[in-house]
Amino acid sequence: MDYAIQQGLNALAFGSEYALIALGLALVYSIMNLMNFAHGEIIACAGYSMYLAILIGIGSPWLVAPIAIAAGALVAVLFERIAFRPVRHAPTTTGLLTALGVSIVVQNLLTLLISPRPRAVPVFSELSRTIFIGPYAISLLQLLELAVVALAIGGLVLFLKHSTLGLAIRAATREFSTVRLMGIRANRVIATAFALSGLLAGIAAIFIIARRGSIDPTFGFQPVIKAFIACVIGGFGSLGGAVLGGMLLGFLDVAIIVLLPQEYGGLRDAIAYSIIAGLLVWRPEGLLTRRIELGDKEI
Amino acid sequence: MLSVNRLSVHYGPIRALDAASIRIGRGEFVALLGPNGAGKTSLISGIAGLVRAQGRVLFEDREIGALPTEDRVRRGLTMTPEGRHVFANLTVAENLRLGAAIRRDREGVAQDIEKYLGLFPILRERNHQLAGTLSGGEQQMLAIARSMMSRPRLLMLDEPSLGLAPRIVAQMFDYISLLKEAGVTLLVVEQNVMQALKHADRAYVISSGIIRHEGKAEELRSDRRLIDMYLGN
Amino acid sequence: MSVTTQTRSAQKTLAPWMRSLVGGLVTALPVILIGIVILLFAPAYLVRVAFAAYVNLLIVLGLQIFMGNSMVANLGQGAFVGIGAYSVAILATPVAMKKLSIPDAPFGLADIVLHPALAAGAGLGITGLIAALTGLVIARLSGEAATIVTFSLMMVVHSIFIQWTDLFKGAQAFFGIPQVVGLATAIGAATLATIIARLFKDSASGLHLRASAESLLAARAFGVDVFRLRLLAWILGAVICASGGILYAFFMGTINARAFHFELVMTTLAMLILGGMRTVSGAVFGCIALALLLEAIRSVESGIAVAGFQLPPLLGLSGLAMGAIIVLGMTFRPRGIFVRLELDELLWRLFARRQPRAITEGKPI
Ligand SMILES: Nc1ncnc2c1ncn2[C@@H]1O[C@H](COP(=O)(O)OP(=O)(O)OP(=O)(O)O)[C@@H](O)[C@H]1O
Ligand SMILES: [Mg+2]
């Protein structure tokens, strides 16, 4: 029983991390049909901002964390301004390849300027403590992760529901040019969506660092692949779908680790991806998409 | 108020609008008539800046041809697009709020919302319903009300009667006339020639991307030959 | 308008399939010429580099056949390259060698050996079969679902390579494959594949498939069996990808599952999209351009002497440059180098445009 709860919490923690990243991807995708492969590098940049912060002597986690979040948002906006704006109206494959290009550039810049080897970022070691709630031993990190992700998603929902820019982002997912007819600047809407996605990526970076304790240039790659899949399973472009997909993937990961006998460990990926492919063959549009119309994306 | 000088619109090799010139005075209600594919949408999209266009567009004596759509809207010129381009995944109330996105006067916005909910009572009933679930006519009312929320001085409506039942069409035109009385200058694209000519002051007739005729609405209404030739009634 | 009519009339003398054949040859011309130059003059290490580039070209062409015509994304080509390569590795490697490397191979595979040509045929057949089976599912998908399912396919196949050590030697290199092909074979194969890709694109199947990419509903309404056509393109593309893998194995003599993974997929995808995925010329020139650029940068990266100074190796430089090329390429040519027309069609146009001018210039009135 104890074990089951422990693993359930594990799954929730993994899932919420995927959900956080997937939400960022879905936000950007839903307003400009861009599969942002470079999202992983936003996470990596946020991670390296923490490394640099420590390097110049900022040691308090209370300062380092906001720096990472701000760095994530900033880098995301920069990517949009420099690389994605010119291909805004191009076919989806063009956006995809541009994102891939950005991702390659940033990974190699980090390799060149910092190091191809992992660097320690020991700022959140406090968090790996275990605390006891009643009879259960629970990792502080996981608890915090759950709480923060819930807060972040809640904040995002509030923003999207109540601020004008939030409303505009939701409206723009279907009717981009009509949003412009409201006098709302298209560039502002897109930049805001990128900033939000970067913000979420920054939060994700903090937790990944807290768990791993170190960073390398390909830091963001694995989580983003997973988040991508989460998005597609959930229904690409649907924010609820991104969260659902992320959670599902978290549970799938943990279930495979728990249920698969040790000697077949190498088949973990094979099984995970088979299930994912099966899911998509069953529901190609994802679990939550209501694809009434994708709206006009020309302007 | 608006003066369009030799405006042309191309889509790749297709010339949708060929050096069209129109003028609209303050407070006028002008109809833009023409068969399908004539270039009506292209003309007003060009004026609104939604498509790239060559030529000059003067709005309140200032050249706006180089401005992006957003800035034209901020200067008081807006357009309600053809078809039901309401924000389907937002509620009626949220649609109206977005319509007022560029305004900073909270009270004025609240008053305007009240005003249009009063004008279109059905929208008040549906206030917290998703716009995508409204009927076609209700969506059209919402689209017009939403455009009005930015307090435009010139409003261009693209086929406001599209897909509406005849009785609702007449009602729609009554509403549009109310806007005119409120001091808004109107450029209305219509297939519904007779209804449009009944309410408009003046009309332009366009076909194959070229402005063919311009005149007072009453005169046009009695000119059967012209109507047959271009509008095929 | 008039230009196209002239192009038509200029080309009218040839039957349509002949025109495609000639077009394919024109497109393949640089492939052949560069190959011959390298065969004649280049040092051995360049031959290796060129060979890898020709293998990539085969993969890019395989990718073009499916993606370029159906406009459905495919991130799974690495699986078929790997299946081709491992098929011949397992079938053609001498028994003595296999006793060392995979003594416990199932189905008695450790005790048989096939002639390389036979093994290659079997490799293509196995790939075709697996492609047919996976295609039954994938040909029904499009959009993001296709992207992820094809990617999943590659991940699954890769895991199997790694996990099934008795057969594939797992994460270790599979060695001892007979080295029976040279650059000339690769050039021949690439030329052939270019022509096949072009013939397919211009065939009725290719045409219908491209029409379905423009509008799925319209194509269905006209009775086009989109599923069957996609399946066909998927299998054909997979087999051509596998031929790349087979040549690679027979040239290198040693293969490793890592070579058929994400990096290969991304490189070949970048080549295709940069070149323009709708055209065979795009596949060919995207591959040539990126291969040349990458090689040039790689030599800088490993540290070269400039004006007597030895520059230190700059790790990451080639990646940086490749990424930058991709971003810039997409910024300035969002639809690739060859957007819609093939090289020969562009040449025809140029020719057709020149012709009348030459006549008028020749005869002043
Ligand atoms: N985005 C586009 N791309 C290519 N051609 C277009 C595009 N939009 C319009 N056209 C073409 O331009 C011409 C004029 O179109 P436009 O929409 O302005 O006509 P319209 O008068 O509004 O017609 P309708 O009454 O049917 O709405 C048509 O021939 C149309 O096919
Ligand atoms: Mg129209």
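Helices (at least four residues) and strands (at least two) are runs picked out by DSSP and numbered from the N terminus. With that in hand, chain B turns out to have 10 helices and 10 strands. Keep in mind that you're looking at a predicted model. Here's a tour of the chains, then a few spots to zoom in on.

**Chain B as a whole**

- Chain B has 233 residues, and a compact globule with that many would have a radius of gyration near 17 Å; the chain's own value is 17 Å, so the two agree.
- If you drew a box around the C-alpha atoms of chain B along the principal axes, it would be roughly 45 × 40 × 35 Å.
- Buried residues make up 56% of the chain B total of 233.
- Take the contacts in chain B between residues at least 6 apart in sequence: 67% of them join residues at least 24 apart.
- About 10000 Å² of chain B is exposed, and carbon and sulfur atoms supply 48% of that area.
- Chain B carries 31 positive and 26 negative charges, and the mean positions of these two groups sit 3 Å apart.

**Chain A as a whole**

- Over in chain A, you'll find 11 helices and 4 strands.
- The globule rule gives 19 Å for the 299 residues of chain A, and the radius of gyration is 19 Å, so this chain is as compact as a globular protein of that length.
- The box that the C-alpha atoms of chain A fill is roughly 60 × 50 × 35 Å along the principal axes.
- Out of 299 residues in chain A, 56% are buried.
- For contacts in chain A with a separation of 6 or more, 76% are between residues 24 or more positions apart.
- Chain A has an accessible surface of about 11700 Å², and 68% of it belongs to carbon and sulfur atoms.
- There are 20 positive and 15 negative side chains in chain A, with the centres of the two sets 8 Å apart.

**A hairpin in chain B**

- Strand 1 (residues 2-11) and strand 2 (residues 14-24) of chain B run antiparallel and are joined by 7 bridges.
- Across this pairing, B:Leu7 of chain B faces B:Ala20, which is in strand 2.
- The hairpin leaves 2 residues between the strands, and B:Gly12 there takes a positive phi near 60 degrees.
- As a general point, side chains in a regular strand alternate between the two faces of the sheet.

**Two residues to find**

- Look for B:Pro35 in the loop that links strand 3 (29-33) to helix 1 (40-48) of chain B.
- B:Pro35 has a relative accessible area of 30%, so it counts as partly exposed, between the cut-offs of 20% and 50%.
- From B:Pro35 to B:Ile22 is 13 residues in sequence and 18 Å in space, going C-alpha to C-alpha.
- A:His39 belongs to helix 2 (residues 39-55) of chain A.
- With a relative accessible area of 1%, A:His39 is buried, because that value is under 20%.
- Leaving out residues up to four places away in sequence, A:His39 touches A:Ile21, A:Gly24, A:Leu25, A:Ser197, A:Ala201 and A:Val224.

**How the chains meet**

- There are 2 pairs of chains in contact, and chains A and C share the most contacts.
- Chain B and chain C have no contact joining them, and their closest C-alpha atoms are 10 Å apart.

Definitions and conventions. Residues numbered from 1 in each chain as written. Chains lettered and ligands numbered in written order. Predicted model: local features only at pLDDT ≥ 70, side-chain atom pairs only at ≥ 80, totals over all residues. Heavy atoms only, no water. Rg over C-alpha atoms; globule rule 2.2 N^0.38 Å. Buried < 20%, exposed > 50% of the residue type's maximum accessible area, 1.4 Å probe, protein only. Contact = heavy atoms within 4.5 Å. Areas by Shrake-Rupley, 256 points an atom, 1.4 Å probe, with all protein chains shown as cover. Lys, Arg positive; Asp, Glu negative; His and termini not counted. Charge placed at Lys NZ, Arg CZ, Asp CG, Glu CD. Pairing = 2+ DSSP bridges.
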